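Subject: Handover of a structure and notes on it

Dear colleague,

Please find the structure below, together with its sequence. I would be grateful if you could read the notes that follow with the model open beside you.

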Amino acid sequence: MKITHSVRYAASVDQVCEMLTDPDFRERATLAQGAISASATVAGGRVTVDARRPDDEIPAFARKLIGDVELHITQTEDWADDVYEALMTIATTGLPASIRGTRSLVEDGDGTLDVFEGEATAKVPLLGGRIEKLLADKLAHGWDAEHRVGVAWLQGDR
């Protein structure tokens, strides 16, 4: 399933990029999305966020596949040198599903658009489409929660 989502920050591309590559920000933003725990690392241009989410977020139709477990989610962004663009992947342990695409920071007047374009895939017979829709909805909800934390962060709430 194709996914496109964007948010706008009233800050420069450099400021938004600096924020998105700050481990403290990424942990705070991940916890604001409902994670039980979160850890973030930055090494070179790679940002990795590991999170655990409660099993009550898993719909009954998907729970039959993976059982009653916490979801372990790993989000990786590989930021290109001198370009405000990253290859982004989100993988889940225990569920044959993932999101893969491009995260781009684009100048927008006096602000910055943070844009994701990609695809959710679930390799589950008969249920794949429903799981892909669930992933797309979770990405949009999480992106919006990260944006709320980001707006406060850029205004000095750290």
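The notes below begin with the whole chain and then turn to particular residues.

Please keep in mind that this is a predicted model, in which local features need pLDDT of at least 70, side-chain atom pairs count only at pLDDT 80 or more, and totals for chains, interfaces and linings use all residues. Residues are numbered from 1 along each chain as its sequence is written, and side-chain values use heavy atoms, with hydrogens and water left out.

The chain as a whole

The chain contains four helices and seven strands. Here helices (H or I, at least four residues) and strands (E, at least two) are DSSP runs, numbered from the N terminus. Their order along the sequence is β-α-α-β-β-α-β-β-β-β-α.

The C-alpha trace spans about 45 × 30 × 25 Å along its principal axes. The radius of gyration of the chain is 16 Å, which agrees with the value near 15 Å for a compact globule of 158 residues. This radius is taken over C-alpha atoms, and the globule rule is 2.2 Å times the number of residues to the power 0.38.

Of the 158 residues, 43% are buried. A residue is called buried under 20% relative accessible area, exposed over 50%, and partly exposed in between (1.4 Å probe, protein chains only). The accessible surface of the chain amounts to about 8200 Å², and carbon and sulfur atoms hold 50% of it. Such areas come from the Shrake-Rupley method with a 1.4 Å probe; for residues, only the protein chains shown count as cover.

Among the contacts with a separation of 6 or more, 53% join residues 24 or more positions apart. A contact means heavy atoms within 4.5 Å.

The chain carries 17 positive and 27 negative charges, and their mean positions lie 8 Å apart. Lys and Arg count as positive and Asp and Glu as negative, while His and the chain ends are not counted. Each charge is placed at NZ of Lys, CZ of Arg, CG of Asp or CD of Glu.

Aromatic pairs

A pair of aromatic rings is described by the distance of the centres and the angle of the planes. Rings of Phe, Tyr and Trp (its six-membered ring) pair if their centres lie within 6.5 Å; planes under 30 degrees apart count as stacked, over 60 as edge-to-face and the rest as tilted. How many aromatic pairs does this rule give? The count is two.

One of them is formed by F25 and W153, whose rings are edge-to-face, with 5.5 Å from centre to centre and 65° between the planes. F25 belongs to helix 2 (residues 23-32) and W153 to helix 4 (residues 128-154), so this pair links distant parts of the chain, 128 residues apart. F25 counts as buried because its relative accessible area is 0%, and W153 is buried as well, at 6%.

F116 and W143 also form a pair, which is tilted, at 5.8 Å centre to centre and 50° between the planes. Since F116 lies in strand 7 (residues 111-122) and W143 in helix 4, the pair ties together parts that are 27 residues apart in sequence. Both F116 and W143 are buried.

Further residues to locate

E27 sits in helix 2. Is E27 buried or exposed? Neither word applies, because its relative accessibility of 24% makes E27 partly exposed. Leaving aside residues up to four places away in sequence, E27 touches A38, S39 and A40.

Helix 4 also holds R148, which is exposed because its relative accessible area is 52%. Between the C-alpha atoms of R148 and D22, which are 126 residues apart along the chain, the separation is 16 Å. D137 is another residue found in helix 4, and it counts as partly exposed at 39% relative accessibility.

Finally, L71 is in strand 4 (residues 71-79) and counts as buried, with 11% relative accessibility. From L71 to L20, C-alpha to C-alpha, the distance is 23 Å, with their places 51 residues apart in sequence.

Yours sincerely
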